[in-house]
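Subject: Structure handover and side-chain contacts

Hello,

Here is the structure for your next look. Please open it alongside this note.

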Amino acid sequence: MARRDRLMTPTSLEDLKPVRDRLRGIGDVLDPKDAEEPILAPGVRAAVKGWLDEIRARDALAAVGLKPRSSALLSGPPGCGKTTLAHHLAARLGYPLVTVGAEHIMTSSLGGSEGNVAKLFAAVESLDQPVILFIDEIDAIGGKRRDSSGDTGGAVSAMNSTLTVLLRRLEAFGGTMIAATNRADTLDPALWRRFGMQIVIDLPDEDARWAILKRYGLPYVFTDDALDVLAELTEAAAPSLLRQLMEGVKRRLVLGAMQGTQPASLVEAIFSVVAETQPHPDYDQPPLWARSSSSALIITNVSADEPWPPERKGD
Ligand SMILES: Nc1ncnc2c1ncn2[C@@H]1O[C@H](COP(=O)(O)OP(=O)(O)OP(=O)(O)O)[C@@H](O)[C@H]1O
Ligand SMILES: [Mg+2]
């Protein structure tokens, strides 16, 4: 198959078997078919679209001596869509995503981590089909180099030499690579510089929260008023928490209908989910979780007319 066709043709599950076999123990392989599109800030969306256009215009760029940028570093708080975006990008190009975590690379055996980095790149480069390489938690592999004098156990020198091997392999790598971290400040500057792009995937703003709440509420349709209130009360919440919140509400709707324990209102459903989900204490607490009387009041007031149970799309 011509390179352009391969670029545009989604790989089928069947085709992934040889890739999975070759990468066993080295990384996991995610199918393009399982990817979801994350809801992103407009600036990030534009950057991602620009990168996809560039990769697809590989031949036109080559004609003027340019190459598409081959790597991106995604950074930002947990649960905001770094892995989801990497998978989505690979799917848009029709490539499987090879995900590699620190657990695949870092080992305490002497020279083991360096060997694993070399093995990873050799395996990916030997594949018969293009993939996107995704290195997750790259801070665990590519932290800032430290002075190894007085390092009796050899741990610091091992980290430093793992980073050196990573830098060398990245420099020589001809494929496309994405890395993710939620500790960007700890990355080694030389590693940072290797990326063609550094994209921050931050906590969603109110518009993005609204869209995320709506998406994860489906197939139930909540009114715009209810989503307005929830989007306001979930300031500082990561998309993963918004998903957990809406999935909790849906679970109560389905099980409540089966068992006759349906919550009496949206407010009741939300507060019962809030009671069993908690944002990490290191992060700002969204007002809904602060459970101040004001947030309870807002939600009670606005949802008085909320149809309950909500309409289900397709019914
Ligand atoms: N921007 C987003 N839009 C829609 N859903 C999202 C978004 N971000 C995260 N999610 C949902 O939250 C879950 C976690 O997201 P994901 O694993 O991509 O986060 P992450 O940034 O990689 O987190 P971590 O830093 O912990 O690895 C996924 O199930 C995904 O569906
Ligand atoms: Mg992730």
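Below is what turned up among the side-chain contacts. Keep in mind that this is a predicted model.

**Aromatic rings**

The structure holds 1 aromatic pair. The partners are Phe121 and Phe173, in an edge-to-face arrangement. Their ring centres are 5.3 Å apart, and the planes meet at 80°. That angle is over 60 degrees, so the pair counts as edge-to-face and not as stacked or tilted.

Where do the two rings sit? Phe121 is part of helix H7, which covers residues 112–125. Phe173 is in the loop between helix H8 (155–172) and strand S5 (176–181). The two residues are 52 apart in sequence, so the pair ties together separate parts of the chain. Both Phe121 and Phe173 are buried.

**A charge over a ring**

Arg215 lies over the face of Tyr216. The distance to the ring centre is 5.9 Å.

**Salt bridges**

There are 11 salt bridges in the structure. I cover some of them here.

Start with helix H2, residues 13–22. Asp21 and Lys17 form a salt bridge, with 2.9 Å between the closest N and O atoms. Why are they about one helical turn apart? Because they are 4 residues apart in that helix. Asp21 is partly exposed, at 35% relative accessibility. The contact also has a wider setting: Lys17, Asp21 and Arg24 are linked in a network of salt bridges.

Next, Arg243 in helix H12, residues 239–259. Two salt bridges involving Arg243 are worth listing:

- With Glu36, the N to O distance is 3.7 Å. Glu36 lies in the loop between strand S1 (28–30) and helix H3 (42–56). The partners are 207 residues apart in sequence, so this bridge ties together distant stretches of the chain.
- With Glu247, the N to O distance is 2.9 Å. Here both residues belong to helix H12, 4 residues apart, or about one turn.

How exposed are these three side chains? Each counts as partly exposed: Arg243 at 29% relative accessibility, Glu36 at 33% and Glu247 at 27%.

**To recap**

The Phe121 and Phe173 pair joins parts 52 residues apart. The Arg243 and Glu36 bridge joins parts 207 residues apart. The Asp21 and Lys17 bridge stays within helix H2, and the Glu247 and Arg243 bridge stays within helix H12.

Best regards

Conventions. Residues are numbered from 1 along each chain as its sequence is written. Chains are lettered from A and ligands numbered from 1 in the order in which they are written. This is a predicted model: local features need pLDDT of at least 70, side-chain atom pairs count only at pLDDT 80 or more; totals for chains, interfaces and linings use all residues. Side-chain values use heavy atoms; hydrogens and water are left out. Rings of Phe, Tyr and Trp (its six-membered ring) pair if their centres lie within 6.5 Å; planes under 30 degrees apart count as stacked, over 60 as edge-to-face and the rest as tilted. Buried means under 20% relative accessible area, exposed over 50%, partly exposed in between (1.4 Å probe, protein chains only). A charge sits over a ring if NZ of Lys or CZ of Arg is within 6 Å of the ring centre and within 35 degrees of the ring normal. A salt bridge is a side-chain nitrogen of Lys or Arg within 4 Å of a carboxyl oxygen of Asp or Glu.
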